[in-house]
Amino acid sequence: MKKILAIALALVLTLALFTGCASKAATSSAAASEPASASASAAASSAASASASASASASAAASASASSSADGDKIIKVGASSTPHAEILEQVKDDLAAEGYTLDIVVFDDYVLPNQALADGELDANYFQHTPYLNSYNEANGTNLVAAASIHYEPFGIYGNGVTDLKDLKAGATIIIPADDSNETRALLLLQQEGLIKLPDDASASKGVTTLDIVDDGGYDIQTVQADTVAAQLANGNAGTIAVINGNYALAAGLKIADALAIEDAKGDAAQTYANIIACRSGDENSPKIQALVKALETDKVKQYIKDTYNGAVVAIF
């Protein structure tokens with residue numbers, strides 16, 4: 001009997017020992033899991049904080065970008081010939097600044113790049129050409145540029161090298177004219193106006209003519225060259241040579257309209273047909289920037305500046 005009681009007591013003690021160990025193991029496991037859970041929670045919190053910070057940074061960058069874009073909309077970038085176009089544009093910088101716009105004038109020395117830059121979106125507008133030239137450029141290049149406003153007219157003039165009167169022009173004399181479609185037409189019409197050549201009866205600015213259409217060249221040697229080189233070629237040509245020169249290039253070369261041997265008839269349709277325009281991409285002509293530019297230019301202040309500065313070589317047409 002004692003032996004049985006001893007065995008039973010041993011079993012109870014063993015069972016109690018195992019229960020204690022199991023309890024300690026569970027406690028130890030729970031204790032071990034608590035730091036891991038806290039660490040995971042801290043990591044999650046840190047990740048959430050980083051995500052929020054990144055989101056805030058992205059939002060700030062987007063706001064900065066939007067602000068920068070808005071600021072960019074207040075810059076009016078205009079391509080122009082140096083004389084008189086860029087000079088006229090300089091007169092309205094302060095007026096546009098008062099309206100919240102910055103006028104950025106980009107000067108070009110030829111007649112091709114300003115339209116290319118406008119079509120490519122590098123400019124908001126350009127100011128150097130008349131509508132017939134613009135139409136010719138659009139047709140040749142597949143662009144869709146339009147006139148937003150007519151600003152001024154530059155009478156074409158005939159200038160001489162050693163010639164003071166067209167009546168003294170000798171047979172066989174060289175006559176230099178611009179080569180591009182619209183200006184070639186304009187030069188030939190002026191030569192006909194002065195009785196130097198004969199064109200077809202239906203010759204007109206809208207229809208266009210070239211040297212190939214001349215009915216009677218009067219015995220003169222008519223040469224077509226790039227518009228921006230006409231003045232230089234006249235100066236370097238033989239005495240007795242004359243040239244038909246665009247108003248802006250004549251001004252740039254130091255030639256005065258008062259010295260011209262002949263000019264276009266201001267009472268004809270030349271003033272309207274060949275008015276120098278503000279050009280822009282189709283659809284932009286009513287945009288706030290283009291409207292602000294046109295409004296700034298079409299003022300009595302600009303009209304008076306043109307009159308006082310160019311003495312008839314440039315005539316305001318608004």
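1. The buried residues of helix 11 pack against helix 2 (82–90), strand 4 (145–153), helix 8 (247–252), helix 10 (288–297) and strand 11 (315–316). This is a predicted model, and the points below should be read as such.

2. Helix 11 itself spans residues 300–310, with Val302, Ile306 and Tyr310 buried. Viewed down the axis of helix 11, its buried residues fall within an arc of 40°, so they line one face of the helix. The face turned away from that buried side carries the exposed residues Asp300, Lys307 and Asp308. After helix 11 comes Asn311, which has a positive phi, near 50°.

3. Strand 3 covers residues 125–130 and is mostly covered, six of its six residues being buried. Strand 3 is paired with strand 1 (residues 75–81) in parallel, through three bridges. In that pairing, Gly79 stands opposite Asn126 of strand 3.

4. Strand 3 also pairs with strand 10 (residues 276–281), here in the antiparallel sense and over four bridges. Asn126 appears again in this pairing, standing opposite Ala279 in strand 10. Asn126 therefore has Gly79 opposite it in one pairing and Ala279 opposite it in the other.5. The count of salt bridges comes to seven. Side chains of opposite charge can pair when their charged atoms come close. Three of these bridges are taken up in the points that follow, beginning with Glu264 and Arg186.

6. The side chains of Glu264 and Arg186 form a salt bridge, at 2.6 Å from N to O. Glu264 lies in the loop between strand 9 (262–263) and helix 9 (270–273), while Arg186 is in helix 6 (residues 181–193), so the pair ties together parts that are 78 residues apart in sequence. Are these two residues buried or exposed? Both Glu264 and Arg186 are buried.

7. Lys93 and Glu90 meet through their side chains in another salt bridge, 3.6 Å from N to O. Lys93 is partly exposed, at 30% relative accessible area. Glu90 also counts as partly exposed, with 41% relative accessibility.

8. Asp284 and Arg281 form a salt bridge between their side chains, with an N to O distance of 3.5 Å. Asp284 has a relative accessible area of 25% and is partly exposed. Arg281, at 22% relative accessibility, is likewise partly exposed.

Technical notes. Residues numbered from 1 in each chain as written. Predicted model: local features only at pLDDT ≥ 70, side-chain atom pairs only at ≥ 80, totals over all residues. Heavy atoms only, no water. Salt bridge = Lys/Arg side-chain N within 4 Å of Asp/Glu carboxyl O. Buried < 20%, exposed > 50% of the residue type's maximum accessible area, 1.4 Å probe, protein only. Helix = DSSP H or I, 4+ residues; strand = E, 2+ residues; numbered from the N terminus. Pairing = 2+ DSSP bridges. Arc of directions from axis to C-beta. Contact = heavy atoms within 4.5 Å.
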